[in-house]
Amino acid sequence: MKIILVEDNLDLGEAIESRLRFAGHSVDWCQSGLEASLHLANEICDILILDINLPGKDGFAVLKEFRASGKTSPVLVITARSEIEDKVSLLDIGADDYLVKPFDLRELDARLRALCRRQAVTKTAELSLGNVIIDQAARTLKINDSLIDISKREFRLLEILSTKIGQVIVRERLMSQLFNLDEDVSFNALELHISRLRKKLEPADITIVTVRGVGYAARFK
């Protein structure tokens with residue numbers, strides 16, 4: 001999953017980021033409310049992990065902006081506030097769950113899994129595009145009813161492009177969705193994944209086209 005973490009405590013942020021990346025997730029870590037607002041305005045995530053007590057702009061404001069923009073990704077709030085009024089307020093303005101500090105990272109894992117299951121139920125499991133079936137819950141690709149071997153990053157790339165069929169997705173956005181911010185990768189890495197995915201889609205009714213100097217789009221042949 002692509003997870004955006006907003007936490008200003010360096011020790012806790014590093015611990016969460018390390019654990020999530022070890023589990024195979026892509027993580028963008030913001031350390032202030034203002035940084036989070038700017039990042040969330042330009043990025044898509046599967047889950048937002050949001051601290052409340054942030055410098056500059058608190059988590060309440062960030063969460064309100066996030067929901068006001070129409071984004072529906074699950075939000076897990078982490079907070080030192082244990083008062084029931086604060087918890088109710090967080091849920092009322094759009095949080096899906098919360099953790100009160102201090103907490104065990106195993107509980108964080110469990111709550112993220114629960115949010116993932118909830119998200120899988122609410123979104124369409126299968127996307128059919130001609131002879132192509134993309135199962136977003138099982139993370140599988142079928143072409144003409146044949147299961148296609150596909151890597152995690154290739155599937156994520158296909159998922160991003162196919163859910164916006166016909167729309168051009170800029171290279172920078174694809175890079176941010178596929179790779180962690182601290183990964184030393186260039187556009188060549190993205191082009192390699194595009195090339196591999198194109199080969200797998202040769203018998204499919206859709207293809208990936210290059211919009212020179214801008215990005216890529218999935219389109220029907």
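**Cysteines and a three-stranded sheet**

Mentor: Helix α6 (residues 152-162) lies across β10, β11 and β12, running at about 70° to β12; helices (H or I, at least four residues) and strands (E, at least two) are DSSP runs numbered from the N terminus, and angles, from 0 to 180 degrees, are taken between the N-to-C directions of axes fitted to C-alpha atoms, for helices over the stretch in contact, where contact means heavy atoms within 4.5 Å. The model is predicted, so that local features need pLDDT of at least 70 and side-chain atom pairs count only at pLDDT 80 or more, while totals for chains, interfaces and linings use all residues. Residues are numbered from 1 along each chain as its sequence is written, and side-chain values use heavy atoms, with hydrogens and water left out.

Trainee: What makes β10 and β11 edge strands?

Mentor: In the open, antiparallel sheet of order β10-β12-β11, β10 (169-170) and β11 (206-211) each pair on one side only. Pairing requires that DSSP find at least two bridges between two strands; β10 and β12 (residues 215-220) are joined by two bridges, and I169 stands opposite Y216 in β12.

Trainee: Why is C30 not in a disulfide with C45?

Mentor: A disulfide is a pair of cysteine sulfur atoms within 2.5 Å, and the closest cysteine sulfur to that of C30, in C45, is 9.8 Å away, therefore too far for a bond. By this rule the count is zero disulfides.

Trainee: Why is C45 called buried?

Mentor: Buried means under 20% relative accessible area, exposed over 50%, and partly exposed in between, with a 1.4 Å probe and protein chains only; C45 has a relative accessible area of 4%, and therefore is buried, and C30, at 2%, counts as buried.
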